[in-house]
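Here's a short set of exercises to work through with the model open in your viewer. Try each task before reading its solution.

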Protein chains: 2
Amino acid sequence: MTESNEIHLKDHILYSIINPKSIAIFGANNKFLDTMGAMQLRNIIAGGFAKERIYPIHPKLDIIQGLKAYKSVLDLWEVPDLALIILRPDVVPEVLEECGQKGIKHVIITSGGFREIGKKGVMLSQTIDDIAKKYNMRFVGPNCLGVYNGWYGYPEKKNTHFNTMWIYAIPERGKISIAAHSGTIASHLFWFCKQIGVKIGKSLSIGNERNIDLVDILEYFKDDPQTDVIGLYIEEIKRGKEFIQLAKDITPLKPIVAIYAGGSEAAYRSIMGHTGSIAGDDKIFEAVFKEVGIISTFSVKDFLYYLRAFSYGIIPKGNRIGIITDSGGSGAMMAKAAEKYGLSIPEFSEELKSKLKAYVPSVANIDNPLDLTFQFNQYNLYVKIPKILINSGEVDGIIIYAVFGFEEIMDVVKKSGGKSYEEFDISNQMMKGVYLKPMQRFVRKKIAPIFYIGPQGYSNPWVREFIKSDIPIFDLWDMPIKTFSVLARYSNYRTHHL
Amino acid sequence: MTESNEIHLKDHILYSIINPKSIAIFGANNKFLDTMGAMQLRNIIAGGFAKERIYPIHPKLDIIQGLKAYKSVLDLWEVPDLALIILRPDVVPEVLEECGQKGIKHVIITSGGFREIGKKGVMLSQTIDDIAKKYNMRFVGPNCLGVYNGWYGYPEKKNTHFNTMWIYAIPERGKISIAAHSGTIASHLFWFCKQIGVKIGKSLSIGNERNIDLVDILEYFKDDPQTDVIGLYIEEIKRGKEFIQLAKDITPLKPIVAIYAGGSEAAYRSIMGHTGSIAGDDKIFEAVFKEVGIISTFSVKDFLYYLRAFSYGIIPKGNRIGIITDSGGSGAMMAKAAEKYGLSIPEFSEELKSKLKAYVPSVANIDNPLDLTFQFNQYNLYVKIPKILINSGEVDGIIIYAVFGFEEIMDVVKKSGGKSYEEFDISNQMMKGVYLKPMQRFVRKKIAPIFYIGPQGYSNPWVREFIKSDIPIFDLWDMPIKTFSVLARYSNYRTHHL
């Protein structure tokens, strides 16, 4: 992205909301856990915000969490870039009015109790609309958790973030950006993101969208050089026409993965009490998503796995996969799943088979899936054979099932009275250099997606090395197949819409 | 189960294979990792097998892994209960012949290279059949990993197991029993089992089933008091008629979850090279499974989650679920998924709503899903409200989404300059007594399934407490809904077939 984009972005309404240099906060106190405002302030401080430019506003307290508190926002010496309001809904208009008088232009209204509670709340919404209009203010919310910006302070500061949400587990920073009508989707997923390596840059809880809406946010994500992939959790779409046009423009360049949570009777009841939106028929949304190239799912894990897959930035050219496995059972299951998901597992040409022969144990069948059964040349398994397959041009991507790491084995060897096998310990340490680095170099060439599967799970130290190195890794073999099929479908869409 | 079952079981062919008191092993040596036999012996020793009754047979070595080795099985002073053969296929007949001469009646033939390699292998299979027949021997395999028995030595010894497989991660012992045409499915899944708490008692890799087959094993599982739930990975069914009758008898009493890996073209190629079976049309298998009440899936994670769900021993009476959540987004998604999976989310009666009122924050909507948003009375959230719902009789099960544990919060509090909040630390330690114990008591009443969801994931210490306490816990909200729908479907089948 060019600098001109950056300048353009700084003019966008969202910029100051996720990158404020000063902030007024209404509703914080010194309590712990049982008030949201207190915890939101803790998160802002913990994220590395300049303390001297955080202004807690409180009618009684003088000091809040070690910061000087003010009776009114009107008492401040500067006009804060952002106001964050976490107060009872009926006092929001008064406070918002003062923010307007002060000259504050950007606000996050966390408070719930607006249209989602019925008629009285709708009137209150109208009141805050009027105040915002009078002072030319823009706001996120109400009824939201606000924003998380993992790029806050970047590149000057390396380890800062801006987090107004009720979440304490911070994912690694990456170029996935999320906007959600649910604060949970915008925040609670961070734990799972950390576990499997979904690198989030921005995550926005947009609540009732009374002012800033999904279309505003998509405009920003579209031009944002820190956004490569977009995740949306949608309960309604307010500006349908604009949304469709914008999505059409974005998807060929930046994949969008969306959950539409409406469309069923019980979901309707749930959503009414949640953001109070009136959601439409599932089929209409599905048709729209398909037309504009949005990848749609109603599974939260699919959502995160798809986002992660796109964030690696490697889109296959087609739907042909090569499967390499040290286990026949997983190979058979993957082959079956692949056909169900519309992928092709082509038979290898004779030429390719003869090239593979040198690297495959004599007992193994050379076929696709390629079952190496008892393969101890791990370099061949992880690097050499995948390279041959990719370079053959006969497949558009590879899935490799193999056991990584040997923690439990050492324990068994000890129990069985074995020697300490020092040379083995060394080789375990050397794996990083001998296998992981070549794998990483190979993956980074971005010729085709290469998915590894390690059944020991995401907490295994060796699997964590994969995640750290941005090598796509899965714990079992359902999701690699499903995810690959989504990449292949997107690839096909993009070919026709770029 | 009565004692008569036990006696009957001891006569079954499988009994001595998974409970041998003495074992001869062909193919073990002092090497490490690069020979299977060596590692299988290590596992047997590490499992707590009486060392003086393990007999490694080797033409040259005198000592193997600290054990006295013998040139021939004929040299042994006793007739071992079991022989384990891990040798090149062409030497198997000779060794098997000697086992027969010695009087050994039970054998596991791990060696591959039989029918799965073509004509020569089929002839070899015929040869071993003939030898087994001559000496009245029964064997598992060939082309398998053998067996895992978590109940080995029980109840005399608490921490023993019998493991001839190539797996080192041992799951907690429970009453799930697995039989698989794939050694990977029988073993590599143990890592995931440990992670989410799938408690495996027995797991059998049955390979080519040349002698002991699936029907033999189902006969055993049927009467086995240590088997409550059965998991099958199937590439073919040899005795179809017997399988169907047996499955029909078993499923109303002990749920069976099965993966059928055949039925697709690429899966066929994979299976041919794997166990060499000729698998049939997917639709035929689906129809058979449905008729006999087998829960079928082609997803490995579904397989494990379903097994775990059944192992809790709580089957819902119907398909009505109550959803309790501290997050609107997860509630909406669960509601939508529930309808897709054929579950019902009934609206609560006025009577029930008025009962709930006292325990729900005033801002919350009392409805199903019940969104408690910002609920800090965790006892109400985890125990009290679920009890009211279950006792109302208006739902057949409950799913509760809530954040558990507060590890990351303490870190944020510290970073935000907060006090150390000692009272909070105490309460975190007390949670076990105050929340977990009542939850456990409630779940154990087995009135209806109660599923908890904690987004912090399975490695979270608080979530591990759930697993230890046998309280059903999930990391995100896809799987609880899907799993509940499977329980409800099974419940319906059982009602009509008991």
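Four exercises follow, each with a worked solution.

This is a predicted model, where local features need pLDDT of at least 70, side-chain atom pairs count only at pLDDT 80 or more, and totals for chains, interfaces and linings use all residues. Residues are numbered from 1 along each chain as its sequence is written, while chains are lettered from A and ligands numbered from 1 in the order in which they are written.

**Exercise 1. Work out how compact chain A is for its 498 residues.**

Step 1: list the elements. Chain A has 19 helices and 19 strands (DSSP runs, numbered from the N terminus: H or I of at least four residues for helices, E of at least two for strands).

Step 2: compare radii. Chain A has a radius of gyration of 26 Å, close to the 23 Å from the globule rule, so it is as compact as a globular protein of that length. The radius is taken over C-alpha atoms, and the rule is 2.2 Å times the number of residues to the power 0.38.

Step 3: get the extents. The C-alpha trace of chain A spans about 80 × 55 × 45 Å along its principal axes.

Step 4: check burial. In chain A, 56% of the 498 residues are buried (20 or more other C-beta atoms within 10 Å of the residue's own, with 12 or fewer counting as exposed and anything in between as partly exposed; C-beta atoms are placed from the backbone).

**Exercise 2. Find out how β15(A) sits in the structure.**

Step 1: count buried residues. In β15(A), residues 321-325, 5 of the 5 are buried, so the strand is largely enclosed by the rest of the structure.

Step 2: sort the directions. Ile321(A), Ile323(A) and Thr325(A) point one way, Gly322(A) and Ile324(A) the other.

Step 3: find the neighbours. β15(A) pairs in the parallel sense with β17(A), residues 397-401, over 5 bridges (pairing takes at least two DSSP bridges). Gly322(A) has Ile398(A) as its bridge partner there. Strand β16(A), residues 370-371, also runs parallel to β15(A), joined by 2 bridges, and Thr325(A) stands opposite Asp371(A).

**Exercise 3. Which residues of α9(B) are buried, and where do they pack?**

Step 1: pick them out. In α9(B), residues 240-250, they are Phe243(B), Leu246(B), Ala247(B) and Ile250(B).

Step 2: look down the axis. Their arc is only 100°, which puts them on the same side of α9(B); the arc is that of the directions from the helix axis to the C-beta atoms.

Step 3: name the partners. The buried residues of α9(B) pack against α8, β12, β13 and α11 of chain B (contact means C-beta atoms, placed from the backbone, within 7 Å).

**Exercise 4. How many residues does each chain give to the contact between chain A and chain B?**

Step 1: chain A gives 79 residues and chain B 79 residues.

Step 2: α13(A) brings the largest share of chain A's side, 11 residues.

Terms used. Two residues are in contact if their C-beta atoms, placed from the backbone, lie within 7 Å.
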